[in-house]
Amino acid sequence: MHGLRNAYRTRSTFNGFIRNRREQKQTIMSENEASRELLETFENPHPHRDYVMETVCPEFTSVCPKTGQPDYGTLIITYIPDKVCFELKSLKMYLQSYRNVGAFYEDVTNRILDDLVAITDPRWMELRAEFTPRGGISSTVTVSHHKED
């Protein structure tokens, strides 16, 4: 008897979870929803030298604004810092803020680069966003920034 009661309780909980997920509204990204304030920096310990920093974020998630389906991807951020570098834990929190935000690949990739450039003012930065296939099609968006002299 307890097994049936637990099975019913589990199924009821699962159905409630599915219903809540369907009722959640996915929002299309707007200027007001950019989470730039989550990003933190620290002083570059070697500003006199050009060196390349590469950060790989294999668990990026956003939402397709057209279908409401989740988009998964790997972000590869490569840059030559100038006076400051971005702090990794704050980057993680910033990227997680996109989890329920609807944005096309091209938009989210450019916005992330814009935010990283705004807080670090690097000598050079490139962001490569490799999204997992959906419907048999995979997409990669690469954007870059070069500091003007």
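In this predicted model, Leu-91 touches residues from well-separated parts of the sequence. Leaving aside neighbours within four places in sequence, Leu-91 is in contact with Leu-39, Thr-55, Cys-57, Ile-77, Phe-86 and Leu-116. Leu-91 is also, together with Ile-77 and Ile-112, among the residues with the most contacts inside the largest nonpolar core, a group of 26 residues. Several elements give two or more residues to this core: strands S3 (53-63), S4 (70-80), S5 (84-86), S7 (124-134) and S8 (137-146), along with helices H2 (88-96) and H3 (105-120). The largest share, seven residues, comes from H3. A general tendency helps in reading this picture: in soluble globular proteins, nonpolar side chains tend to be buried together.

Helix H2 deserves a closer look. Which residues of H2 are buried? They are Ser-90, Leu-91, Tyr-94 and Leu-95. These residues lie on the same side of H2, because they cover an arc of only 135° around the axis. The cover over the buried residues of H2 includes S3, S4, S5 and H3. At the start of the helix, a side-chain oxygen of Glu-87 comes to within 3.1 Å of the backbone nitrogen of Lys-89.

The buried set in H2 includes a serine as well. Ser-90, a residue of helix H2, has a relative accessibility of 3% and therefore counts as buried, the cut-off being under 20%. Further along or back in the sequence, with neighbours within four places set aside, Ser-90 is in contact with Leu-38, Leu-39 and Glu-40. One polar atom of the Ser-90 side chain lies 2.9 Å from the backbone nitrogen of Glu-40. Leu-39 thus appears twice in this account, as a contact of Ser-90 and as a contact of Leu-91.

A second serine, Ser-35, is found in the loop between strand S1 (27-28) and strand S2 (41-43). Ser-35 is buried too, at 10% relative accessibility. Beyond its neighbours within four places in sequence, Ser-35 is in contact with Tyr-94 and Ser-97; Tyr-94 is itself one of the buried residues of H2. The side chains of Ser-35 and Ser-97 make a polar contact at 3.0 Å. How far apart are Ser-35 and Gln-96 in sequence and in space? They are separated by 61 residues in sequence and by 9.8 Å from C-alpha to C-alpha.

Attention now turns to two positions picked out by a database record. An unreviewed UniProt entry lists Cys-64 and Asp-71 under "active site". Cys-64 lies in the loop between S3 and S4, whereas Asp-71 lies in strand S4. Are these residues buried or exposed? Cys-64 counts as buried, with a relative accessibility of 9%, and Asp-71 is buried at 3%.

The two listed residues are in contact with each other. With neighbours within four places in sequence left aside, the contacts of Cys-64 are Gln-69, Asp-71 and Arg-134. Under the same condition, Asp-71 is in contact with Phe-60, Thr-61, Ser-62, Val-63, Cys-64, Ala-103, Tyr-105 and Arg-134. Arg-134 therefore touches both listed residues, given that contact means heavy atoms within 4.5 Å.

Cysteines give one last point of interest. Besides Cys-64, Cys-57 counts as buried, at 12% relative accessibility, and Cys-57 is one of the contacts of Leu-91. The number of disulfides in the model comes to zero.

Definitions and conventions:
Residues numbered from 1 in each chain as written. Predicted model: local features only at pLDDT ≥ 70, side-chain atom pairs only at ≥ 80, totals over all residues. Heavy atoms only, no water. Core = buried A, V, L, I, M, F, W, Y, C linked by side-chain atoms within 4.5 Å. Buried < 20%, exposed > 50% of the residue type's maximum accessible area, 1.4 Å probe, protein only. Helix = DSSP H or I, 4+ residues; strand = E, 2+ residues; numbered from the N terminus. UniProt positions renumbered as here; feature names shortened; annotations may be inferred. Arc of directions from axis to C-beta. Polar contact = N/O pair within 3.5 Å; in protein donor to acceptor, adjacent residues only side chain to side chain. Disulfide = S-S within 2.5 Å.
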